[in-house]
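User: I should like to learn how to read the features of a protein model, taking one kind of feature at a time. Could we begin with the sheet?

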Amino acid sequence: MEDARRILRPRREDAHKGDFGHALLVCGSCGMAGAAVLATMGALRSGCGLVTVHLPASERAVIHCTCPSAMVDSDPQGHFSILPSVLEKYTAVGCGCGLGRHPETAEALSALLDAYRKPMVLDADALNIIAVRPELFESVPDGSILTPHLGELRRMTGEWTSSADMMEKAFRLACRTRSCVVVKGPHSAVIAPDGQVSCNSTGNPGMATGGSGDVLTGLLTGLLASGYPAFDAARLGVWLHGRAGDIAALHYGQNGMNSRDIADCLGEAFLSLENNC
């Protein structure tokens with residue numbers, strides 16, 4: 001908690017939404033709009049100033065109904081197929097949750113990586129697409145955050161023979177992409193390309209549920225958009241995500257909680273830090 005407390009920045013009395021950045025989430029596809037909703041909930045609880053979601057026009061109503069504080073940029077297809085409009089206005093982009101692997105989506109992701117040079121959070125199908133198109137590794141913007149679970153990490157780095165070998169491969173991935181790698185799991189590890197490593201102390205087995213990672217992607221994107229450097233954003237975000245999971249477990253039990261509960265408890269997680277700042 002002390003590290004997270006030191007990282008968290010207090011807000012000035014005269015602050016306004018323009019001080020805290022604008023996060024863009026490129027998430028969701030037909031049948032997977034829930035992933036976009038959960039990522040949006042995470043971003044809206046991150047403290048960033050504005051959140052926009054790029055998803056299929058056919059799915060836009062679900063964002064308007066569940067997350068009225070967020071804005072929507074529509075894609076004409078049922079999957080990610082075109083670049084969001086006015087990319088330069090966003091201070092960070094999160095991409096991958098519920099994206100799918102349509103061939104047009106792979107091309108759109110390649111175009112996004114070429115067009116956007118500010119920090120990104122790459123998760124789920126964004127990582128899976130990069131894993132089979134290795135030329136995209138070099139296009140990841142410096143100072144980004146990659147959030148693979150163990151299966152996604154294997155696709156990107158190959159198999160490992162031990163925990164130490166896995167950490168070494170994750171470090172090489174961080175160096176190759178000039179980004180932080182969050183290896184998700186019990187005591188998630190945050191690995192920076194300069195060799196710094198941080199293992200998280202919060203979280204519980206109840207967080208092993210669909211959509212938990214989507215909430216984390218949104219939260220990390222919002223923290224990057226707010227101006228936190230990648231290593232600080234990753235450490236703070238992973239701690240808050242786990243703390244929210246611990247609070248959700250107190251309310252609902254580890255068996256009864258779900259990923260929406262984690263998003264809903266992020267406010268209490270922040271409060272536990274702010275009360276001690």
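Analyst: Two strands are said to pair if DSSP finds at least two bridges between them. The model shown here is predicted. In this model, strand β1 (residues 22–26) and β2 pair in the parallel sense over five bridges, and A23 stands opposite V51 in β2.

User: By what path does the chain travel from β1 to β2, and what is the handedness of this crossover?

Analyst: A crossover is right-handed if, with the strands pointing away from the viewer, the path from the first strand over the helix to the second runs clockwise. Here the chain leaves β1, passes through helix α2 (residues 33–44) and arrives at β2, and the crossover is right-handed. A right-handed β-α-β unit is also made by β2, helix α3 (residues 60–66) and β3. The pairing of β2 with β3 is parallel, with five bridges, and V53 has V72 in β3 as its bridge partner.

User: Is strand β2 mostly covered or uncovered?

Analyst: The cut-off for a buried residue is under 20% relative accessible area. By that criterion β2 (residues 50–56) is mostly covered, with six of its seven residues buried.

User: What is the order of the strands in the whole sheet?

Analyst: The sheet is open and has nine strands, in the order β3-β2-β1-β4-β5-β6-β7-β8-β9, with mixed pairing. Strands β3 (71–75) and β9 (197–199) stand at the edges with a single partner strand each, so one side of each has no neighbour in the sheet. Elsewhere in this order, β4 (residues 92–95) runs parallel to β5 (residues 120–122), the two being joined by three bridges. Within that pair, G94 stands opposite V121.

User: Which strands pair with β7, and in what sense?

Analyst: Strand β6 (residues 145–146) runs parallel to β7 and is joined to it by two bridges; the bridge partner of I145 in β7 is C180. Strand β8 (residues 189–191), by contrast, pairs with β7 in the antiparallel sense over three bridges. There V183 stands opposite A189. The hairpin of β7 and β8 has five residues between the strands, and G185 in this hairpin takes a positive phi near 155°.

User: How should I read the two faces of a strand?

Analyst: In a regular strand the side chains alternate between the two faces of the sheet. In β7, C180 and V182 lie on one side and V181 and V183 on the other; all are buried, and both faces are covered.

User: Which residues other than glycine have a positive phi?

Analyst: V86 is one of them, with phi near 50°, and R178 is another, at about 55°. V86 is found in the loop between β3 and β4, while R178 is in the loop between α7 (163–177) and β7 (180–183). Accessibility adds to the picture: V86 counts as partly exposed because its relative accessibility is 43%, and R178, at 28%, is likewise partly exposed.

User: How is a helix to be assessed for length and burial?

Analyst: One may set the span expected at 1.5 Å a residue against the distance between the end C-alpha atoms. The 14 residues of α8 should span 20 Å, and the end C-alpha atoms are 20 Å apart, which agrees. As for burial, 14 of the 14 residues of α8 are buried, so this helix is largely enclosed by the rest of the structure. Just after α8, G227 has a positive phi of about 110°.

User: How is empty space found, and what lines the largest pocket?

Analyst: Rolling a probe the size of a water molecule over the atoms shows where empty space is left. The largest pocket holds about 660 Å³ of space. Its lining has 33 residues, of which K184, G185, M207, A208 and S212 lie nearest the centre. The elements giving two or more residues to this lining are α5 (124–132), α8 (212–225) and α9 (230–252), and α8 contributes the largest share, four residues. By class, the lining of the largest pocket has eleven nonpolar, 17 polar and five charged residues.

User: What is the space in the second largest pocket, and which residues lie nearest its centre?

Analyst: The second largest pocket has about 350 Å³ of space. It is lined by 17 residues, with L8, R9, R11, F20 and Y228 nearest its centre. Helix α11 (residues 266–274) gives the largest share of this lining, three residues. The lining of the second largest pocket divides into eight nonpolar, four polar and five charged residues.

Technical notes
Residues are numbered from 1 along each chain as its sequence is written. This is a predicted model: local features need pLDDT of at least 70, side-chain atom pairs count only at pLDDT 80 or more; totals for chains, interfaces and linings use all residues. Side-chain values use heavy atoms; hydrogens and water are left out. Buried means under 20% relative accessible area, exposed over 50%, partly exposed in between (1.4 Å probe, protein chains only). On a 1 Å grid over the protein atoms alone, a cavity is a set of points where a 1.4 Å probe fits but cannot get out, and a pocket is an open set with protein on both sides within 12 Å along at least five of seven lines; lining residues have an atom within 4 Å of a point. Grid points are joined across faces, edges and corners, and a volume is the space filled by probe spheres set on the points. Ala, Val, Leu, Ile, Met, Phe, Trp, Tyr, Cys and Pro count as nonpolar, Asp, Glu, Lys and Arg as charged, and the others, Gly among them, as polar. The expected span of a helix is 1.5 Å times one less than its number of residues.
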